[in-house]
Amino acid sequence: MKKYLKEWFMQGVADNIGVDRPSGSNVPVSTSYSSLSQASTSKYAYTQKAGVLIGDGYNGNEVTNALNTLQQYGVFVDIISERLGTVIGNDGTTLQVDKTFLTSSPYLVDSLYVIGGSSRNQVKFNSDITEFVHVAYKHYTINQLVFPQLVSLLFMHQKTIFWLV
């Protein structure tokens with residue numbers, strides 16, 4: 001089955017880019033290097049990046065405590081919103097936005113801290129967050145490792161929803 005899929009894929013690529021279909025077979029390669037595999041990489045909170053999806057009007061105290069805890073344990077944090085600049089919490093707390101939904105991707109973070117909030121264009125903001133989460137989970141497989149250090153760290157703040165990717 002695997003061989004058939006490989007041949008089918010190669011034929012499809014050849015047909016779509018306008019070259020002759022390959023003849024023969026691939027050279028069998030059985031060498032693998034565990035040092036190059038992400039499966040053998042140690043997973044610790046301080047090696048992970050959390051994407052924080054946020055808008056104005058967030059709970060300033062709660063989010064500040066959660067972000068401080070993440071940073072205390074060495075988690076890299078990207079604040080992601082609809083526009084660059086700052087987002088303002090319900091208590092006047094401000095956070096500097098690192099990336100926008102347009103300039104970031106769920107593929108670039110290991111976990112999501114979904115806060116939400118308000119926006120000038122609430123419908124688009126909600127849609128951007130939904131799409132970001134959808135893409136993140138679309139590529140999540142049950143075989144992926146869950147990082148226990150990060151999970152226990154994130155669930156210390158029970159009022160806020162964390163989605164781990």
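**Reading salt bridges and a helix face**

Me: What does the relative accessible area tell me about Lys 99?

Reply: Lys 99 has a relative accessible area of 22%, so this residue counts as partly exposed. Buried would mean under 20%, and exposed over 50%. Do keep in mind that this is a predicted model.

Me: Which side chain does Lys 99 meet in a salt bridge?

Reply: The partner is Asp 78, with 3.1 Å from N to O. A good habit is to look up where each partner sits. Lys 99 belongs to strand S5 and Asp 78 to strand S2, so the salt bridge ties together parts 21 residues apart in sequence. Asp 78 is buried, at a relative accessible area of 8%.

Me: Which other salt bridge does Asp 78 make?

Reply: Asp 78 also meets the side chain of Lys 49, at 3.5 Å from N to O. That pair joins distant parts of the chain, 29 residues apart: Lys 49 is in strand S1 (residues 49-54) and Asp 78 in strand S2 (residues 76-81). Lys 49 is partly exposed, at 26%. Now go back to the bridge from Lys 99 to Asp 78. Through shared partners, Lys 49, Asp 78 and Lys 99 form one network.

Me: How many salt bridges are there in the whole structure?

Reply: A search finds five. Another one of them pairs Asp 56 with Arg 83, at 3.2 Å from N to O. Both partners sit in loops, 27 residues apart: Asp 56 between S1 and helix H2 (60-72), Arg 83 between S2 and strand S3 (85-88).

Me: Let's turn to helices. Why do some residues of a helix point the same way?

Reply: An α-helix makes a turn every 3.6 residues, so residues three or four places apart point the same way. Try this on helix H3, whose buried residues are Phe 125, Asp 128, Ile 129, Phe 132, Val 133, Val 135 and Ala 136. They span an arc of only 165 degrees around the axis, so they lie on the same side of H3.

Me: Which exposed residues are on the face turned away from the buried side of H3?

Reply: Val 123, Thr 130 and Lys 138 are there.

Me: And what does Pro 106 touch, leaving out residues up to four places away in sequence?

Reply: Pro 106 touches Phe 132, Val 135 and Ala 136, which are among the buried residues of H3. Pro 106 lies in the loop between strand S5 (99-100) and strand S6 (111-116), and is buried as well, at 11%.

How values were computed:
Residues numbered from 1 in each chain as written. Predicted model: local features only at pLDDT ≥ 70, side-chain atom pairs only at ≥ 80, totals over all residues. Heavy atoms only, no water. Helix = DSSP H or I, 4+ residues; strand = E, 2+ residues; numbered from the N terminus. Buried < 20%, exposed > 50% of the residue type's maximum accessible area, 1.4 Å probe, protein only. Contact = heavy atoms within 4.5 Å. Arc of directions from axis to C-beta. Salt bridge = Lys/Arg side-chain N within 4 Å of Asp/Glu carboxyl O.
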